[in-house]
Amino acid sequence: MNAWFSHHRAAVGSALRRLWSTPLNTLLSLLVIGIALTLPGFGYVMLDNLRDIGRNASGVQQISLFMNLDAGKKDVGEIEGRLRAAATGKWRFVPKEEALKRMQKSEGMAEIVASLPRNPLPDAFIVEPSNTDPEALEILRKEIAGWPKVAHVQLDSAWVKRFDAFLKLGKLALSMLAGLFAAGLVAVTFNTIRLQVMAQTAEIEVARMIGATDTFIRRPFYYFGALQGGLGGLLAAALVLGGLRLLGSPVGDLATLYGASFALHTPGVAEVAALVGCGALLGWLGAQLSVSLSLRKFD
Amino acid sequence: MIVASNLSKRYPGGYEAVKDVGFAIEAGQMVFITGHSGAGKTTLVKLIASLERPTSGSLVVNGQNLAALRRSAIPYLRRNLGLVFQDQRLLFDRSVLDNVLLPLQIVGLPRRETVRRAQAALDKVGLLAREKARPIALSGGEQQRLAIARAVVNRPTVLLADEPTGNLDAESATEILEIFADFHRVGVTVVVATHDQNWIERYHPNVLRLDHGRLV
């Protein structure tokens, strides 16, 4: 246990010394890794924010229920009862008289409405379901359409579906981008470690001669890769947070112009930790591949 | 301790450096491997240190047959051997003390103990005062003494040296040899490959004489 601990402490120390001893190389590698992680990280945060906008945009996930023209008070009561029983979320009844009044208020419509022999508008309900999942909305729409004296059910889900498809596409593109950059990060670490193994040929040979195991020789390189990747991840997190800070105020202004209030959601501790963890894992992977290949020549 | 029988080593290309060699070195003996240059001394040392694998025959070191040894077991075998080469194979990017610390770090001893033991080893070869120096600042004889300190810091049962005085003047060579003799006196098995006849007259060790790869 003691030996295990001192081995790992020595390996971490050695990795840190190697990072520190070539500051320019370290800085450049960190920049490459940091930028490679920033792009997918930033994309992820932006998609997350877009999803929030989709969720919050009011009026989008509404179901409009129009009654038959001949439906009476009893039929309306029946639908109210059913909506209450289904406990689908908030809903509001819009009587046909109110709908007509609203129409009269609209510019240019007053005369037309006045010329009508009778009210052509039906009674209606506006339902705001609590579950805004596109599939759930569709199921609810079908159910309501089957109720008595319901003439038409309109789900404003086309927009929702389009938005959802767009988010899915964005997610896919982001995954591909992240995959590419991950491969790049592995390659950068691979090369850095390969150069290090070459620079430390003498040390590796001596260590082998005096009884170092393969694990002992590899361990500092693994820590180096993981540390470099993790620090790159930290840099990426800082870049993403900085970028969001710069974008925050213009996005707020834009939202105000549309009469909404919206603040960019910034990544929390868990997301930063995930970014650092990803960097460390990929760095470790690159080191593993590189050391396995580079150390073959010592056999 | 070290027993060879029908031991041969053929290099790729067909050159046979060691041919059908058999010998037994008892624990605590001091043995010199001698012979003309190219006789196979270095190959024999490398075989004992399992830096080379035998082509045929058997070689048993500390109870382990090197011909059948798993690759992963080799490091643990080497920890019981102190190796000294003509080119000292020191690490010039670190201090004298750090060079001696390396074998102890490999074993995984706690830091405090490693420093104490490394300093004791440096003291034994007369380099304690230079512990903070870089190896490049040492003379040839001092560098060889540093290599010996590194070889013995793990308290190996066998000290194995290949032409340890090859590059040294007579005075430094004698110093090195005295250090080997000291270790022999405290019970360490010492195996030295050398072509220097003066040594043999002086210390009367057991001698393995090689001629074109064969024991004579």
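Two strands are taken to pair if DSSP finds at least two bridges between them. By that criterion, six strands of chain B in this predicted model form an open sheet with the order β6-β7-β8-β3-β9-β10 and mixed pairing. The sheet has β6 (81-85) and β10 (214-215) of chain B as its edge strands, each of which pairs on one side only. At the β10 edge, strand β9 (residues 206-211) of chain B runs antiparallel to β10(B), and two bridges join them. Here Asp211(B) faces a partner in β10(B), namely Arg214(B), which stands opposite.

Two helices of chain B can be placed on this sheet. Helix α5(B) packs on the sheet by touching β6 and β7 (158-162) of chain B, and its direction makes about 165° with that of β6(B). Helix α6(B), in turn, lies across β3 (30-35), β7 and β8 (189-193) of chain B, and runs at about 150° to β8(B). Strand β7(B) is thus touched by α5(B) and also lies under the path of α6(B) across the sheet.

The two helices also pack against each other. The axes of α5 (residues 140-152) and α6 (residues 170-185) of chain B lie 9 Å apart, at an angle of about 15°. Since angles under 35 degrees count as roughly parallel, α5(B) is therefore roughly parallel to α6(B). The crossing in which α5(B) passes α6(B) is right-handed. From α5(B), the contact draws on Gly140(B), Gly141(B), Gln144(B), Arg145(B), Ile148(B) and Val152(B), while α6(B) supplies Ser172(B), Glu175(B), Ile176(B), Ile179(B) and Phe183(B). Sorted by class, the residues of this contact comprise five nonpolar, four polar and two charged.

Elsewhere in chain B, a hairpin is built from β1 (residues 2-10) and β2 (residues 16-25), antiparallel strands that are joined by six bridges. One pair in this ladder can be named: Lys9(B) has Val18(B) of β2(B) as its bridge partner. Five residues lie between the strands of the hairpin, and Gly13(B) takes a positive phi there, near 105°.

Turning to chain A, helix α9(A) and helix α10 (residues 269-294) of chain A cross at roughly 145°, and their axes come within 6 Å. As α9(A) passes α10(A), the crossing is right-handed. The contact of α9(A) with α10(A) is made up of 16 nonpolar residues, ten polar residues and one charged residue.

A further helix of chain A, α8 (residues 201-209), has Val206(A), Ala207(A) and Arg208(A) as its buried residues. What do the buried residues of α8(A) pack against? Their partners are α9 (214-257) of chain A and, from the other chain, α3 of chain B. After α8(A) comes Gly211(A), with a positive phi near 100°.

The packing of α8(A) against α3 of chain B leads on to the contact between the chains. This contact takes 15 residues from chain A and 14 residues from chain B. On the chain B side, the elements that give two or more residues are α2 (74-78) and α3 (96-107). The largest share of that side comes from α3(B), with four residues. The side of chain B that touches chain A has eight nonpolar, two polar and four charged residues.

Technical notes
Residues numbered from 1 in each chain as written. Chains lettered and ligands numbered in written order. Predicted model: local features only at pLDDT ≥ 70, side-chain atom pairs only at ≥ 80, totals over all residues. Contact = placed C-beta atoms within 7 Å. Nonpolar A, V, L, I, M, F, W, Y, C, P; charged D, E, K, R; others polar. Axes fitted to C-alpha atoms, helices over the stretch in contact; angles between N-to-C directions. Parallel < 35°, antiparallel > 145°, perpendicular 65-115°, else oblique. Left-handed = near helix turned anticlockwise from the far one by under 90°. Buried ≥ 20, exposed ≤ 12 C-beta atoms within 10 Å, placed from the backbone.
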